[in-house]
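Colleague: I would like to learn how to read a model of this kind. Please take me through it feature by feature.

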Amino acid sequence: MQENVLLQMRQIEKSFPGVRALGGVDFTLRKGEIHALMGENGAGKSTLIKILTGVYHMDSGEVRVEGEKVSIHSPQDAQNKGISTVYQEITLCPNITVAENMFIGREKGIWINHKEREKRADEILGKLGIPARAKQQLGSCSLAVQQMVAIARAVDMQCKVLILDEPTSSLDDKEVKMLFDLMRDLKSRGVGIIFVTHFLEQVYEVSDRITVLRNGELVGEYLTEELPQVELVSKMIGKELEELSSMGEGDDKNAEAGEIFYEAEGLSSSETYPFNFNIRKGEVNGFTGLLGSGRSESVRAIFGADKVGGGSVKIKGKPVKITKPIDAMKNGIGYLAEDRKRDGIIAELSVRENIILALQVMNGMFKPISRSEAEAFADEYIKVLNIKTASRETPVGSLSGGNQQKVILARWLLTHPDYLILDEPTRGIDVGTKLEIQKLVLKLAEEGVSVTFISSEVEEMLRTCSRLIVMRDKHIVGELKGSDLNQTQVMKTIAGGEA
Amino acid sequence: MKNGKRNIFKGGLGQLTIPIVSICLLLLFNLIKGLITKDLSFFSIELVRNNFGNMVLSGNLISIINGASELAVLAMGMTLVTAACGGQDISVGAAAAIAGSMFVKVVKTGSSISGMKVLLAFLAACMIACLFAAFNGTLVAVFKIQPMIATLILYTCGRSIAYWINGGATPTVSSPIISGIGSFIPGVPIPTPVIIVVVMAIIFKLVFHFTSIELFTQSVGINGSAARLNGINSTFIKLLSFIILGVCVAVAGTIGVSRLGLINHETLLLDVEMDTILAVAIGGNSLGGGKFKISGSIIGAYVIQTLTITLYAMKVSSTDVKAFKAIVIIILVVIGSPVVKTWFGKFVGKYFKKNKQLAVKGAE
């Protein structure tokens with residue numbers, strides 16, 4: 001068995017100022033296995049990965065590759081030792097060709113043989129069954145193919161250990177399947193794959209072994225087939241599953257809510273076709289559909305985030321004009337954007353500043369929230385939403401993803417919105433926080449706030465929404481409520497005639 | 001707290017560490033040199049009677065803080081532009097020449113020079129400076145042109161515009177009021193430009209206290225997309241930062257003109273733009289925008305001036321000064337770079353770890 005071991009990390013410790021990120025974690029990867037690394041946000045997954053790839057340096061511990069003790073100084077160093085990473089965000093250059101991307105920075109000397117290079121690239125792509133051509137511009141490939149090219153690049157660099165960090169979060173089902181086929185192919189070639197993801201089903205579909213971390217400690221290593229999904233979840237969040245099951249599915253929490261709060265007729269933006277939409281006071285509804293179906297674009301149109309094309313909007317029956325975000329905010333609408341990093345957090349500013357931002361904007365430039373008031377607000381929401389941060393003055397960029405999301409939620413809650421739009425509030429965050437956010441949504445609805453909820457996970461939407469608007473190819477193709485609110489019906493509607 | 005010491009060391013001064021340490025190093029250098037040569041005249045401050053018969057402070061330190069005034073004022077405005085737009089305005093020198101020319105033009109109209117007229121002249125200078133700043137700001141905020149490219153236009157033609165304002169002449173203005181602005185107000189031993197810097201700094205402080213410009217500017221600079229989705233009008237914020245810089249330009253131009261008692265559109269605040277950008281950088285502000293500290297930039301301006309005066313005091317010829325300045329600045333900037341900071345942080349970390357281990361061993 002020892003011979004099979006490809007990578008061994010033993011007693012890895014790493015602390016950041018004020019936080020112990022990893023306290024003596026072991027991790028073993030064998031040849032030709034897909035090993036899922038699981039844990040909530042802040043469990044230490046990314047820290048462990050970053051130590052392995054040379055981004056961070058461990059405080060103590062030992063790393064062995066094929067039995068040999070190594071110290072990894074930099075990402076370049078890691079690559080030379082056969083450890084390659086493909087990150088969640090594609091880190092290649094979209095505006096040059098596939099072949100150039102595969103060989104960039106790897107050639108010796110300054111002379112480049114384009115022909116030779118393209119031939120070699122096509123060879124590798126063919127071998128791995130990746131549907132891309134060497135001469136193609138990378139940007140013209142789909143995201144999945146781009147990701148595969150990144151993997152092909154790693155594989156061609158003779159990698160023994162391949163780390164896939166959330167590779168599937170922006171792919172659709174078909175693309176995920178393609179990626180998994182590639183992973184299985186690599187596995188049969190003896191590559192060890194570390195697979196980091198939040199999607200539980202995917203772990204069960206593709207992985208052989210699971211290592212679970214919690215709060216920087218090792219919970220254990222398990223064979224995937226011997227660990228039921230429910231148990232995995234409880235190991236990750238460290239509490240019993242009563243809470244999970246206590247949230248009933250599909251009971252009509254808020255179906256018969258109050259009068260219509262928001263109503264749009266023929267609303268369109270530069271990114272959408274005209275559509276009709278309304279939401280009642282205290283109602284939770286959702287937009288669902290595949291990625292790119294127009295669900296995000298629709299809510300962006302409601303908030304005035306994109307250039308508004310036309311249509312009429314009424315709030316509480318009164319016509320209003322919403323052409324930019326501030327108009328929506330003044331009408332009591334809050335919007336948590338899909339892309340937390342790009343559209344949500346102001347990374348270098350403190351938790352306090354991030355929390356008060358929207359309220360401050362609504363108050364206007366000449367009515368600043370005083371420091372003491374801001375501190376009180378921040379402390380309150382850190383407590384209410386259970387935000388894990390060293391202090392309210394910590395830059396928000398240094399928090400874990402789930403906690404960043406809570407900060408943005410706090411930002412909007414502080415404005416006391418009548419209508420809150422949450423676009424993928426639970427993407428890329430851990431199970432525990434997901435539940436907290438779902439509960440919060442229901443609680444808000446009880447208090448009379450209207451919520452529009454978007455999530456890639458249909459289950460989550462079924463749990464929270466009393467009405468689902470289904471979109472396909474930028475058009476609303478159906479509206480489900482009551483007894484129609486079940487997984488099969490949603491899938492059928494999404495798939496449409498072809499199903 | 002266990003690591004209290006380390007935290008103070010690393011985070012206590014934060015952004016201001018580099019500028020404060022730089023200025024201390026420069027002063028220390030002068031002190032050591034003074035002790036070796038037994039000549040501490042660099043540090044002497046005397047109360048002397050000037051040409052107008054006023055008792056005024058004099059000495060190298062005074063000429064440092066006095067001479068840095070224009071730079072300090074410009075650096076304050078430049079900090080805001082840098083933070084909001086992630087780029088710099090390289091036309092401040094030329095714009096100051098325009099503002100100065102306007103100031104002289106208005107002062108020169110009519111015969112007598114009254115306080116009212118000087119105030120009017122200053123307002124006119126402000127107007128024209130803000131006008132050109134708005135031009136720059138529009139190019140940057142509305143047309144999304146790189147700040148350096150956008151301001152290159154005014155950098156190129158600004159001094160010609162200044163030339164036209166006074167019909168090509170370099171008129172002199174002599175009046176007690178003007179010299180009161182440029183050097184000393186009778187009865188006040190502190191140079192007026194220094195007082196103006198203090199007033200400007202206080203105004204900035206008050207503006208930041210009574211408005212949320214600081215938060216909005218930083219938000220726009222760090223993440224424009226998120227700022228927009230939170231309802232911040234980033235075009236307006238960027239434009240505003242340029243307008244505020246415009247006011248600073250007018251103040252600096254007025255000080256410059258009053259100091260000399262004449263306007264020379266070719267030489268007034270020549271090459272000041274690069275020093276201004278440098279002051280912002282030495283102040284620990286990211287030239288890519290985002291978080292900023294005005295106080296850092298002000299200290300940065302004094303660092304540059306201290307360096308210049310130190311070199312002059314060492315009898316370095318004015319042609320050589322620039323080369324020496326460049327060397328010192330390279331050192332400062334490299335020390336302040338994130339790479340060195342990380343190394344330093346690691347070094348400090350190791351040192352404390354060692355100490356801790358020693359302490360543990362001692363306890364055993």
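Modeller: Start with a pair of strands, and keep in mind that this is a predicted model. Strands of a sheet pair through backbone hydrogen bonds, either parallel or antiparallel. Here strand E17 (residues 419-423) of chain A pairs with strand E18 (residues 450-454) of chain A in the parallel sense, over five bridges.

Colleague: Which residue of E18(A) does Tyr419(A) stand opposite?

Modeller: Tyr419(A) faces Ser450(A) in E18(A).

Colleague: What is the order of strands in the sheet that holds this pair, and is the sheet open or closed?

Modeller: The sheet is open and has six strands, in the order E16-E17-E18-E13-E19-E20 (chain A), with mixed pairing. At its edges are strand E16 (333-336) and strand E20 (475-481) of chain A, each of which pairs on one side only. From one strand to the next the twist averages 15°.

Colleague: Which helix lies across E17 and E18 of chain A?

Modeller: Helix H16 (residues 431-446) of chain A does, and it also lies across strand E13 (284-288). The helix runs at about 155° to E18(A).

Colleague: How is chain A divided into domains?

Modeller: The domain assignment gives domain 1 (2-239) and domain 2 (260-498). Taken over C-alpha atoms, the centres of these two domains of chain A are separated by 32 Å.

Colleague: Now chain B. At what angle do helix H4 and helix H12 of chain B pack?

Modeller: Helix H4 (residues 69-85) and helix H12 (residues 234-260) of chain B pack at about 170°, and their axes are 8 Å apart. H4(B) is therefore roughly antiparallel to H12(B), because angles over 145 degrees count as such.

Colleague: Which residues make that contact?

Modeller: On H4(B) they include Val73(B), Leu74(B), Leu80(B) and Val81(B). H12(B) contributes, among others, Phe242(B), Leu245(B), Val249(B) and Ile255(B). By class, the contact of H4(B) with H12(B) has 17 nonpolar, four polar and two charged residues.

Colleague: How many residues of each chain are in contact where chain B touches chain A?

Modeller: In chain B there are 19 residues, in contact with 23 residues of chain A. On the chain B side, the elements giving two or more residues are helix H10 (213-222) and helix H11 (224-229). H10(B) supplies the largest share, six residues.

Colleague: How do the residues on that side of chain B divide by class?

Modeller: The side of chain B that touches chain A has eight nonpolar, nine polar and two charged residues.

Note on methods
Residues are numbered from 1 along each chain as its sequence is written. Chains are lettered from A and ligands numbered from 1 in the order in which they are written. This is a predicted model: local features need pLDDT of at least 70, side-chain atom pairs count only at pLDDT 80 or more; totals for chains, interfaces and linings use all residues. Two residues are in contact if their C-beta atoms, placed from the backbone, lie within 7 Å. Helices (H or I, at least four residues) and strands (E, at least two) are DSSP runs, numbered from the N terminus. Ala, Val, Leu, Ile, Met, Phe, Trp, Tyr, Cys and Pro count as nonpolar, Asp, Glu, Lys and Arg as charged, and the others, Gly among them, as polar. Axes are lines fitted to C-alpha atoms, for helices over the stretch in contact, and angles run from 0 to 180 degrees between N-to-C directions. Angles under 35 degrees count as roughly parallel, over 145 as roughly antiparallel, 65 to 115 as roughly perpendicular and the rest as oblique. Domain bounds come from an automatic or database domain assignment. Two strands pair if DSSP finds at least two bridges between them.
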